[in-house]
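Visitor: I should like to learn how to read the features of a protein model. Where should one begin?

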Amino acid sequence: MSTYNKVARLELTIKALTLEPLQQAVPGGFTRHTTIIQLKGDGTVGAGEDVTYDTDDQLDFQKRGGSLPLSGTYTIDSFSRHLESLTLFQALPKQEASRNYLRWAFESAALSLAYGRLTPH
């Protein structure tokens, strides 16, 4: 059985989404931006980090990403399919890999949230 098949049926309930913008100055005069995505529900928080490299794509997501329609009850698999139906980027991202980075951040947060409800606090 694949790892995905082992987690696909884990359940999660999302009641809120919050974004935590991060930035760090790096050598060469560049500021690196990332976003911590937090999914909250049933007294648990799951988090993932969007590491999309392009600053404009990060800042655009930080401005509008908190309004994505994510509230509801899912399995990991149905949440992943729900993400496919959403427009995560307002415009085409500067790098094609950015689509995966952002999606993985949401899926990581969802897995963290689903796992959190299985473990004692």
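**Reading the sheet, a loop and a pocket**

Guide: Let us begin with a single pair of residues: Val26 stands opposite Phe30 in E3. Please keep in mind that the model is predicted.

Visitor: In what sense do E2 and strand E3 pair, and over how many bridges?

Guide: Strand E2 and strand E3 (residues 30-41) are paired in the antiparallel sense, and the pairing extends over 11 bridges.

Visitor: In what order do the three strands of the open sheet lie?

Guide: The order is E2-E3-E4, with antiparallel pairing. The edges are formed by strand E2 (16-26) and strand E4 (44-50), each of which pairs on one side only. From one strand to the next, the twist averages 20 degrees.

Visitor: Which helix lies across E2, E3 and E4, and at what angle does it run to E3?

Guide: That is helix H2 (residues 55-64), which runs at about 30 degrees to E3.

Visitor: Let us turn to a loop. Where does Pro69 lie?

Guide: Pro69 belongs to the loop between H2 and strand E5 (72-75).

Visitor: With which residues is Pro69 in contact, leaving aside its neighbours within four places in sequence?

Guide: Pro69 is then in contact with Tyr74, His82 and Leu86. As a reference across the chain, Pro69 and Ala8 are 61 residues apart in sequence, and their C-alpha atoms are separated by 21 Å.

Visitor: How is empty space in a model found, and what is the volume of the largest pocket?

Guide: The general idea is that rolling a probe the size of a water molecule over the atoms shows where empty space is left. In this model, the largest pocket has a volume of about 180 Å³. Its lining includes Leu83, Glu84, Leu86, Phe89, Arg99 and Arg103. Leu86 thus appears both in this lining and among the contacts of Pro69.

Visitor: Which helices each supply at least two residues of that lining, and which gives the most?

Guide: Helix H3 (76-84) and helix H4 (97-116) each supply at least two. H4 gives the most, with three residues.

Visitor: How do the residues of the lining divide into nonpolar, polar and charged?

Guide: Six are nonpolar, two are polar and three are charged.

Visitor: Finally, what is the mean pLDDT of the protein chain, and which elements have the lowest and the highest mean values?

Guide: The chain has a mean pLDDT of 92, and 96% of its residues reach 70 or more. Among the elements, helix H1 (residues 3-7) has the lowest mean, 89, and E5 the highest, 97.

Methods. Residues numbered from 1 in each chain as written. Predicted model: local features only at pLDDT ≥ 70, side-chain atom pairs only at ≥ 80, totals over all residues. Heavy atoms only, no water. 1 Å grid on protein atoms, 1.4 Å probe; cavity = no way out; pocket = protein on both sides within 12 Å on 5 of 7 lines; lining within 4 Å. Points joined across faces, edges and corners; volume = space filled by probe spheres on them. Helix = DSSP H or I, 4+ residues; strand = E, 2+ residues; numbered from the N terminus. Nonpolar A, V, L, I, M, F, W, Y, C, P; charged D, E, K, R; others polar. Pairing = 2+ DSSP bridges. Axes fitted to C-alpha atoms, helices over the stretch in contact; angles between N-to-C directions. Contact = heavy atoms within 4.5 Å. pLDDT = per-residue confidence, 0-100.
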